[in-house]
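Colleague: I am new to this protein and would like to learn how to read its features. Could you walk me through them?

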Amino acid sequence: MLENCKFQRHRFTGCVMSGASSQLALFLCCCYVVALGVHTVVHRVAEDHEAEYYTAAVYEHQSILSPNPLALVSRKQALELMNQNLDIYEQQVMTAAQKGVQIIVFPEDGIHGFNFTRASIYPYLDFMPSPQLVKWNPCLEPHRFNDTEVLQRLSCMAIKGDMFLVANLGTKQPCHSSDQGCPSDGRFQFNTNVVFSNNGTLVDRYRKYNLYFEAAFDTPPHVDHIIFDTPFAGKFGVFTCFDILFFDPAIRLLRDSEVKHIVFTAAWMNQLPLLAAIQIQSAFAIAFGVNFLAANIHHPFLGMTGSGIHTPLKSFWHHDMENLTGHLIIAQVAKNPQGLISIENAPDKMDPSHRKFLEILAGDPYCEKDSQEVHCDRATTWNMNAPLTFHSEMMYDDFTLVPVEEKEGYLRVCSNGLCCHLLYQRPTLSKELYALGVFDDLHTVHGTYYVQVCALVKCGGRGFDTCGQEITEATGVFEFHLWGNFSTSYIFPLLLTSGMTLETPDQLGWENDHYFLRKSRLSSGLVTAALYGRLYERD
């Protein structure tokens, strides 16, 4: 059973739950309150199960920005701006404290803003000693280091709220010309996440490694793999925004089997149909069986929104392109998240649709690609009258697609070494155009990285050239299996329906060397169903 909760005032705020686990029935969704002019969503669990859960919060911040980030200002002027944002942070901490929150996460660039040059951001930077070398409580020892006013305020908030606090700020670190990679001006400037314990101690810091057109900051000389321990939920990993698409540090952190929770700060610009903020956040939680606490910045005019507390089986999220207000999400989260792929969630092999999927998979022809097209040594009867393929741009990549035009059927489309398959049926035909697409190549726009993608998408119109456009509304309902012969085990399941609604797959897994996603009973029209594979070694 799928359960979806929304609110009229913030139409894209809600929760989605998979029916795979009986534990989910304990969740009572949703409570809606207004505090300090900021909307807050609280998700609670039955009291007798509180020992199995911790209470987390993420805040999507409508930050106060510098009117001219290129201007050179004094440290005093920079602090005046940053303190306005920190005042809002403190309000959220106190609201969260009243709800028993044990850890809160704030977004990337939330304190100082963005679009600075290397010189213009300098007054906004705090000095950052290494937590590995120096044990320091900025709130209790404010005069130990100069230029640490922001760290002091954050430390005091953690004490005042009696919670772990994760925030993002700009930091500086002097260096010598003999130091590896030391810039010519004699200092490193880092995009930095900081972690404070509930007693205000600086627990650790993470310096963003995969920068996204951030001229003001330096790439650190080595990758920080930061794992911090908590008394209420064990180990957390931490990284920032664009890092989520790369092996280091995101994937390497998960090699520690005790890391069951990720804190994620972001200033993420949504790009549909495959990389909206809440899409990739939820997909990471599902793919790796972890809890994912994600705080995004809120600037709808820049396409920046989408935060959430995601587990492998459920998501509490916020996506709002209309209102210019911050948003606090609070939820109780399992200390030991249950993965989507489990015995109790395994499909019934006698289920007709899954049996047909297995039959097709068992009879799948061997395919190889020459310079012109894919040839198969034999064809399934389902594919004898396969529609012609076409090409359309999606996410700046040249996808090969086939239209999905019937009420039910089986389709296959191939590119390079990847063949994507769709077995589907729908209760009624809509007038909307859907297409099954494949891409297996190097993505080179706004970053360079190798992807393998199988995607069922709603097109922007009736023309083939509209497939891949950004849309958020749809009416077409499907029951389907989507699968492909992926060359990687790092595959993110993306499932989004009308109104920016997250859905949880019924089943994911490997079958006969193919990775598949199965879904039925969509709550609304399908926008995107995709398997987004990353081949890190081909970057």
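Modeller: Happily; we will go through salt bridges, a strand, a buried residue and a pocket, keeping in mind that this is a predicted model.

Colleague: Let's start with charges. How many salt bridges does a search of the whole structure find?

Modeller: The search finds 22. Take Asp147 and Lys172, whose side chains meet in a salt bridge with an N to O distance of 2.8 Å. This pair links distant parts of the chain, 25 residues apart: Asp147 is in the loop between β7 (126-127) and α2 (149-161), while Lys172 is in strand β8 (residues 164-174).

Colleague: Are Asp147 and Lys172 buried or exposed?

Modeller: They fall into separate classes, and the relative accessible area tells us why. Buried means under 20%, so Lys172 is buried at 11%. Asp147 has 29% and is partly exposed.

Colleague: Which residue meets Lys458 in a salt bridge?

Modeller: Glu432 does, at 3.4 Å from N to O. Lys458 lies in strand β25 (residues 449-458) and Glu432 in the loop between β23 (418-425) and β24 (434-443), so the salt bridge ties together parts 26 residues apart in sequence. Both Lys458 and Glu432 are buried.

Colleague: And where are the partners Asp506 and Lys519 in the chain?

Modeller: Asp506 sits in the loop between β28 (501-502) and β29 (507-511), and Lys519 in strand β30 (residues 514-519), 13 residues apart. The closest N and O atoms of their salt bridge are 3.5 Å apart, and both residues are buried. Salt bridges can also share partners: Asp87, Glu90, Arg153 and Lys160 are joined into one network that way.

Colleague: Now a strand, please. How should I read the two sides of β16?

Modeller: Here is the general idea: in a regular strand, side chains alternate between the two faces of the sheet. In β16, Lys314, Phe316 and His318 are on one side, with Ser315 and Trp317 on the other, and all of them are buried. Both faces are therefore covered, as buried residues lie on each side. Counted along the strand (residues 314-318), 5 of its 5 residues are buried.

Colleague: Which strand pairs with β16?

Modeller: Strand β15 (residues 307-310) pairs with β16 in the antiparallel sense, over 4 bridges. To place one of them, find Gly308, whose bridge partner in β16 is Trp317. A hairpin of 3 residues joins β15 to β16.

Colleague: What does the side chain of Glu108 reach?

Modeller: The side chain of Glu108 reaches the backbone nitrogen of Ala267 at 2.9 Å. Glu108 lies in the loop between β6 (103-105) and β7, and counts as buried because its relative accessibility is 2%. Beyond residues up to four places away in sequence, Glu108 touches several others, including Asn168, Lys208, Thr240, Cys241 and Ile297.

Colleague: Last topic: how does one look for empty space, and what volume does the largest pocket have?

Modeller: Rolling a probe the size of a water molecule over the atoms shows where empty space is left. Here the largest pocket has a volume of about 750 Å³. Its lining comprises 41 residues, with Tyr212, Phe213, Ala267, Met269 and Met304 nearest the centre.

Colleague: Which strand gives the most to that lining?

Modeller: β25 does, with 3 residues. β21 (397-404), β24 and β25 each supply at least two residues of the lining.

Definitions and conventions: Residues numbered from 1 in each chain as written. Predicted model: local features only at pLDDT ≥ 70, side-chain atom pairs only at ≥ 80, totals over all residues. Heavy atoms only, no water. Salt bridge = Lys/Arg side-chain N within 4 Å of Asp/Glu carboxyl O. Buried < 20%, exposed > 50% of the residue type's maximum accessible area, 1.4 Å probe, protein only. Pairing = 2+ DSSP bridges. Polar contact = N/O pair within 3.5 Å; in protein donor to acceptor, adjacent residues only side chain to side chain. Contact = heavy atoms within 4.5 Å. 1 Å grid on protein atoms, 1.4 Å probe; cavity = no way out; pocket = protein on both sides within 12 Å on 5 of 7 lines; lining within 4 Å. Points joined across faces, edges and corners; volume = space filled by probe spheres on them.
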